[in-house]
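Subject: A structure for you to look at

Hi,

Here is the structure I said I would pass on. Have it open while you read the rest of this email.

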Amino acid sequence: MAKTNPGRFFEDYRLGETIVHAVPRTVSGGERALYHALYPARHALASSDEFARACGLGAAPMDDLITFHTVFGKTVPDISLNAVANLGYAEGHFRVPVAAGDTLRSESEVIGLKQNSNGKSGVVYVRTMGRNQRDEVVLDYVRWVMVRKGDLDAPAPETVVPELAAVVPASELVVPTGLNFSGYDFALAGEPHRWGNYEIGEQIDHVDGVTIEEAEHMLATRLWQNTAKVHFDATFRPDGKRLIYGGHVISMARALSFNGLANAQMIVGLNAGAHANPCFAGDTVKAWSEVLEKAETAAPGVGAIRLRLVATKGGEPFRLKDEDGKYLPEVLLDLDYWALIPM
């Protein structure tokens, strides 16, 4: 019996099955330092213990995307080792902030299957839950990924495509216990813009750009234990290129969004996401945002803002799709999320 793991293929998934992912991981200040070395991340709440304490928290939480990458990375050997591409996200809830010293683990339920018309691959839909050492759910989300078939003659499963909410309702957003922005220090945070300064429909060009390096991308995939072959093995794709991990693009765009959205401190909801086009080493990532919705919360001084974050590899800002509704070739990421911001 073979002891190595070739990864699952499309025909290996069963609707309704639960997959427990290895290996639990304890996160520390090292993750924070590496994250800030990889991305120009400067949001104050996740950078400073003292700033976080002044906002009612015990210490600075991990950047929300550290939580996302860690939980996501655990799923890769079971979900997307043989992926063609990760396609999208929905119904994401950040429920409990992660602190240094917390241990995270992941499990996923298969909630949908759809074989592609070419018979060579299919789309797998999973709902993933990340838990800490206290068995609290820190993050849950749905994603769908295109996976190769190992046996082209394997029969197609019954097609089940889950109905997913277009938006996480503002009423479902979880504000961390104790968070209080009533004494928020705008000078230390970096910008004066608060909830009331943003208008629905407003678009923000984040101006800055970062050229993606092969070494940094590989460091990121290893850091998050993301072992998908398309990211590691240049011989796995016909073009001989390693595909940049989509989460790397997400974190880069989120970090770039500081310029104009420095006070959008915490991600609390992931409404939708699409990796519109592949990203490769040498591409220069830029970003722009659009304000989609605003909501109040019950926490003192804390508002919620729904944002569309778009990452591009060149081109003019605020251009997303062509006349046929297809993403323009320079668009890398279209991400719809909720963040907490001072009122």
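Below is what turned up, going from strands to odd backbone spots, then to a helix, a pocket and the cores. One thing to keep in mind is that this is a predicted model.

Let's start with strand E8, residues 284–296, which has a partner in strand E6, residues 203–211. The two run antiparallel and share six bridges. If you want a spot to click on, Gly209 sits opposite Lys286 of E8. E8 also pairs with strand E9 (residues 302–312), again antiparallel, and here there are ten bridges. On that side, look for Ala295, which faces Ala304 in E9. E8 and E9 form a hairpin with five residues between the strands, and Gly301 there has a positive phi near 70°.

Now for the backbone oddities. As a bit of background, most residues other than glycine have a negative phi, and most peptide bonds are trans. So where does this chain depart from that? Between Ala22 and Val23 the peptide bond is cis, its omega being near 0°. You'll find Val23 in strand E1, residues 18–26.

Then there's Asp135, not a glycine, yet with a positive phi near 70°. Its home is the loop between strand E4 (121–131) and strand E5 (137–148). Is Asp135 buried or partly exposed? With a relative accessible area of 41%, Asp135 counts as partly exposed. Val207 also has a positive phi near 70°, but this residue is in strand E6. Val207 is exposed, its relative accessible area being 52%.

Next, have a look at helix H5, which covers residues 214–223. Which of its residues are buried? They are His217, Met218, Ala220, Thr221 and Leu223. These buried residues pack against E1, helix H1 (29–38), helix H6 (229–232) and helix H7 (246–256). After H5 comes Gln225, with a positive phi near 55°.

On to the empty space. The largest pocket holds about 310 Å³. It is lined by 26 residues, and the closest to its centre are Ala85, Asn86, Leu243, Gly246 and His275. Which elements build the lining? Helix H3 (64–79), strand E2 (83–94), E5, H6 and H7 each give at least two residues. E2 has the largest share, with six. Sorted by class, the lining of this pocket has 17 nonpolar residues, eight polar ones and one charged one.

Last, the nonpolar cores. In soluble globular proteins, nonpolar side chains tend to be buried together. The largest nonpolar core in this model has 56 residues, and the members that touch the most others are Tyr39, Phe68, Trp224 and Val285. Trp224 is worth a click: setting aside neighbours within four places in sequence, Trp224 is in contact with Arg25, Glu31, Tyr35, Tyr39, Ile66, His69, Thr70, Gly73 and Tyr245. There is also a second, separate core, made of 22 residues, with Ala44, Phe181, Tyr184 and Val268 among them.

That's the tour. Shout if you get lost anywhere.

Cheers

Technical notes:
Residues numbered from 1 in each chain as written. Predicted model: local features only at pLDDT ≥ 70, side-chain atom pairs only at ≥ 80, totals over all residues. Heavy atoms only, no water. Pairing = 2+ DSSP bridges. Helix = DSSP H or I, 4+ residues; strand = E, 2+ residues; numbered from the N terminus. Buried < 20%, exposed > 50% of the residue type's maximum accessible area, 1.4 Å probe, protein only. Contact = heavy atoms within 4.5 Å. 1 Å grid on protein atoms, 1.4 Å probe; cavity = no way out; pocket = protein on both sides within 12 Å on 5 of 7 lines; lining within 4 Å. Points joined across faces, edges and corners; volume = space filled by probe spheres on them. Nonpolar A, V, L, I, M, F, W, Y, C, P; charged D, E, K, R; others polar. Core = buried A, V, L, I, M, F, W, Y, C linked by side-chain atoms within 4.5 Å.
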